[in-house]
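Welcome! Take a moment to look at the sequence and the structure below, and then let us walk through them together.

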Amino acid sequence: MLATLLRPHAGDVRVLGSSIPEQSWQVRGRIGLLGHEPLLYRELSARENLRFHARLHDVADERVEELLVGVQLEHRADEPLRSLSRGMVQRAAVARAVLHDPELLLLDEPRSNLDPAAVELVDPLIGAISGRTRVICSHDPGGGLAEADVVLGLRDGRAALLRAAADVSADEIGELYR
Amino acid sequence: MSAAAPETRTANAAEGVAGTPAAAGTPRRRTFAVVRALLRKELLVELRTLESVPAMSLFAVTTFVVFHFALNRNTVDGDLAAGILWVTLLFAAMLGVNRLFVADADQGGFDAFLLAPVERSAMLFAKALALLCYLVVLELVAVPAFGLLLLGPSLWHGLPALVGVLALGDLGVAAIGTLVAALAVRTRARDLLGPLLALPLLVPIVIGGARASSPLLALGSQGEPAARWLLTLGLYDLVFGLIAFALFDFLLED
């Protein structure tokens, strides 16, 4: 819903100050989404995929090359995505999510399939250091808490916890799901 | 090093690397650029997978062979020839229609497109153009094969007019096929729903195409298709082109 891909059934949703879905068009292009699916075509290479997304977001090709180097995929950038490892695909997906320099990043388990070296590699793009507003979904309370300002814990689809991260412990979050 | 730290990212934006529009210009030019990118992607994926066009072409040629034995005739002409040609092309086209949005639905292409600040109709145009390309390739294989395997009269005399009739039929199939494929692809029964919705809508194209082609495929043909059937096909294309344009945004967003 935050990505404007789903319509709310009830209530009022505002993303980056715009009402969803009425003003969804105002926020598209300002959001970067990194979910379970990489949103990349398996038969195309990382470079072809990123160039395709660059056209959709009206971004210059130089940015594609810059990001391929940034996620260290430049040497495998012309191979079809289906021939790359899950970790490499995730790195390409990270590059895709930040290609248009979004203000808001929506990240669902962003470090899945990434080894520690790859996590360090993508951190400047999607980590706290990126300087972007981020909404992170994580099943790792400790890891999520470490880089959060505000924590929202959901239980049965409803907000069971909404507090500043400094006032919440990982155990407290873990309790929600027991 | 471009895994940009915040200051680098800001600098990039200031220098216009990430933020510089690649296709700056009017919204219409931007939409053309997006259509071109979508079409290029579509054709690249098809070239790599060869999932649609070879299957469509092989289906058409095989069907002509089946007709040859089923009818127990060496040659056909006139109404029968036109009927066989158009029915075969229709079912072959359905193979392409059914697969038109599969990669987008299965690999997140829809979501990626919806996240981009672009005209939704760009996808309609790109997909319809891609389907049109598939149909042209199909006909480049199927029509000569039909001429060799089944057709009695020479194809040569009526060929220019037949190309025109086929082009009118293709436009309608592309518009209806794209609309129906977008509707069916996000359902569980997409392989069933696509043909179920498309075939009734495509029947008038088969009727119009067959009636217009019939004189071209008759013995002693002078190569003149009936103008009223051409007009019917043209109007049908126009109506469904407009319907597809009006509905596509809602189909994609909802």
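In what order do the elements of chain A run from the N terminus on? They follow the pattern β-β-α-β-α-α-α-β-α-β-α-β-β-α. That makes seven helices and seven strands in chain A. Please keep in mind that this is a predicted model.

**Chain A as a whole**

Chain A has a radius of gyration of 17 Å, close to the 16 Å that the globule rule gives for 178 residues, so it is as compact as a globular protein of that length. Along the principal axes, its C-alpha atoms fill a box of roughly 45 × 40 × 25 Å. Of the 178 residues in chain A, 38% are buried. Among the contacts in chain A between residues at least 6 apart in sequence, 60% join residues at least 24 apart.

**The parallel sheet**

Now find the open sheet of three strands in chain A, which has the order β3-β4-β5 and parallel pairing. At its edges stand β3 (31-34) and β5 (133-137) of chain A, each with a single partner strand, so one side of each is left without a neighbour in the sheet. On average, neighbouring strands here are turned by 10 degrees against each other, direction ignored.

β3(A) and strand β4 (residues 104-108) of chain A run parallel and are joined by four bridges. Helix α4 (residues 86-98) of chain A packs on this sheet and touches β3 and β4 of chain A. The direction of α4(A) makes about 165 degrees with that of β3(A).

Is β3(A) buried or exposed on its two faces? Both faces are covered: A:Ile31 and A:Leu33 on one side are buried, and so are A:Gly32 and A:Leu34 on the other.

**The hairpin**

A second pairing in chain A joins strand β6 (residues 150-155) to β7(A) in the antiparallel sense, over six bridges. This hairpin has two residues between the strands, and A:Asp156 takes a positive phi near 55 degrees in it. How many of the seven residues of strand β7 (residues 158-164) of chain A are buried? The number is zero, so β7(A) lies largely in the open.

Here are some residues that stand opposite one another in the two pairings:

| Residue | Stands opposite | Strand of the partner |
|---|---|---|
| A:Leu33 | A:Leu106 | β4(A) |
| A:Leu34 | A:Leu107 | β4(A) |
| A:Val151 | A:Arg163 | β7(A) |

**A helix among helices**

Next, turn to helix α3 (residues 61-70) of chain A. Its buried residues are A:Arg63, A:Val64, A:Glu66, A:Leu67, A:Leu68 and A:Gly70. The buried residues of α3(A) pack against α2 (46-56), α4 and α5 (116-126) of chain A. Just after α3(A) comes A:Gln72, with a positive phi of about 55 degrees.

**Where the chains touch**

Finally, look at the place where chain A and chain B come together. How many residues does the contact take from each chain? It takes 42 residues from chain A and 35 residues from chain B. On the side of chain B that touches chain A, α1 (6-15), α2 (27-49) and α6 (109-114) of chain B each supply at least two residues. The largest share of that side comes from α2(B), with nine residues. By kind, the residues of the side of chain B that touches chain A divide into 23 nonpolar, seven polar and five charged.

How values were computed: Residues are numbered from 1 along each chain as its sequence is written. Chains are lettered from A and ligands numbered from 1 in the order in which they are written. This is a predicted model: local features need pLDDT of at least 70, side-chain atom pairs count only at pLDDT 80 or more; totals for chains, interfaces and linings use all residues. Two residues are in contact if their C-beta atoms, placed from the backbone, lie within 7 Å. Ala, Val, Leu, Ile, Met, Phe, Trp, Tyr, Cys and Pro count as nonpolar, Asp, Glu, Lys and Arg as charged, and the others, Gly among them, as polar. The radius of gyration is taken over C-alpha atoms; the globule rule is 2.2 Å times the number of residues to the power 0.38. A residue is buried if 20 or more other C-beta atoms lie within 10 Å of its own, exposed if 12 or fewer, and partly exposed in between; C-beta atoms are placed from the backbone. Two strands pair if DSSP finds at least two bridges between them. Axes are lines fitted to C-alpha atoms, for helices over the stretch in contact, and angles run from 0 to 180 degrees between N-to-C directions.
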